[in-house]
Amino acid sequence: MACRVSELVLKCRDPEVLARFWSEVLDFVELDREEGVYIEIGPREGFGGPQPTIFLIRDDEPKNGRARLHIDVNPTDRDQDAELERLLAAGAELVDIGQPADASWHVLADPEGNEFCLLKRRLDPL
């Protein structure tokens, strides 16, 4: 038997802002919260399904450098260009971390500067 990812934990200055952003990006809902400490977001079905939940934990320390772990997302109901426009409208920013100019993916940052990639291939929604 193997493990699977059930939760991702992201330290951030403002869990409210990132909960709204990532809920919009992933079509997640708020599952739990402890006011001023954390917000957990995840699929509408809740914890334990095929997708991990995300814990956004309040941390007032500044982000130092690039993250060693980042999230990759794939469009499910539109092409990469349309999804890029949606993510930018939701508050993401394009960032350059040294990726090739002809990369098939886009590197973006969430409202607190956490990098993530928008991949080209389209996945079926769960």
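This is a short walk through one structure, taken sheet by sheet and then down to single residues. Please keep in mind throughout that what we have here is a predicted model.

Let me begin with the open sheet, which is built from four strands in the order β1-β4-β3-β2, with mixed pairing. At its edges lie β1, residues 7-12, and β2, residues 29-34, each of which pairs on one side only. From one strand to the next the twist averages 20°. If we look at the β2 end, β2 pairs with β3, residues 38-42, in the antiparallel sense, and five bridges hold that pairing; within it, R33 has I39 of β3 as its bridge partner.

Staying with this sheet, I would like to pick out I57, which is found in strand β4, residues 53-58. Is I57 buried or exposed, or something in between? With a relative accessible area of 28%, I57 counts as partly exposed, because that value falls between the 20% limit for buried and the 50% limit for exposed. Once neighbours within four places in sequence are set aside, the contacts of I57 are V9, L10, K11, C12, P15, V37 and Y38. C3, on the other hand, is 54 residues from I57 in sequence and 23 Å from it in space, C-alpha to C-alpha.

Now to the helices. Helix α1, residues 15-26, packs with helix α2, residues 80-90, at an angle of about 165°, and their axes are 10 Å apart. That angle makes α1 roughly antiparallel to α2, and the crossing of the two is right-handed. Which residues of α1 and α2 meet? From α1 we have F21, E24 and V25, and from α2 they meet E83, R86, L87 and A90. Sorted by class, that contact comprises four nonpolar and three charged residues, with no polar ones.

Another residue of α1 deserves a moment, namely S23. S23 is buried, since its relative accessible area is 16% and the limit for buried is under 20%. Beyond its neighbours within four places in sequence, S23 is in contact with L18, F28, V29 and I41. Following the chain onward, we come to D27, which lies in the loop between α1 and β2. The phi of D27 is near 55°, a positive value in a residue other than glycine, and D27 is partly exposed, with a relative accessible area of 47%.

Finally, let me turn to strand β8, residues 115-118, which is covered on both faces: E115 and C117 on one side, and F116 and L118 on the other, are all buried. Which way do β5 and β8 run with respect to each other, parallel or antiparallel? They run parallel, and three bridges join β8 to β5, residues 71-73, with I71 standing opposite F116. Strand β7, residues 106-109, is joined to β8 by four bridges, and here the two run antiparallel, with H106 standing opposite L118. The hairpin of β7 and β8 has five residues between the strands, and there G113 takes a positive phi near 90°.

To close, I would leave you with two places to look at on the screen: the contact of α1 with α2, where F21, E24 and V25 meet their partners, and strand β8, with buried residues on both faces.

Key
Residues numbered from 1 in each chain as written. Predicted model: local features only at pLDDT ≥ 70, side-chain atom pairs only at ≥ 80, totals over all residues. Heavy atoms only, no water. Axes fitted to C-alpha atoms, helices over the stretch in contact; angles between N-to-C directions. Parallel < 35°, antiparallel > 145°, perpendicular 65-115°, else oblique. Left-handed = near helix turned anticlockwise from the far one by under 90°. Contact = heavy atoms within 4.5 Å. Nonpolar A, V, L, I, M, F, W, Y, C, P; charged D, E, K, R; others polar. Pairing = 2+ DSSP bridges. Buried < 20%, exposed > 50% of the residue type's maximum accessible area, 1.4 Å probe, protein only.
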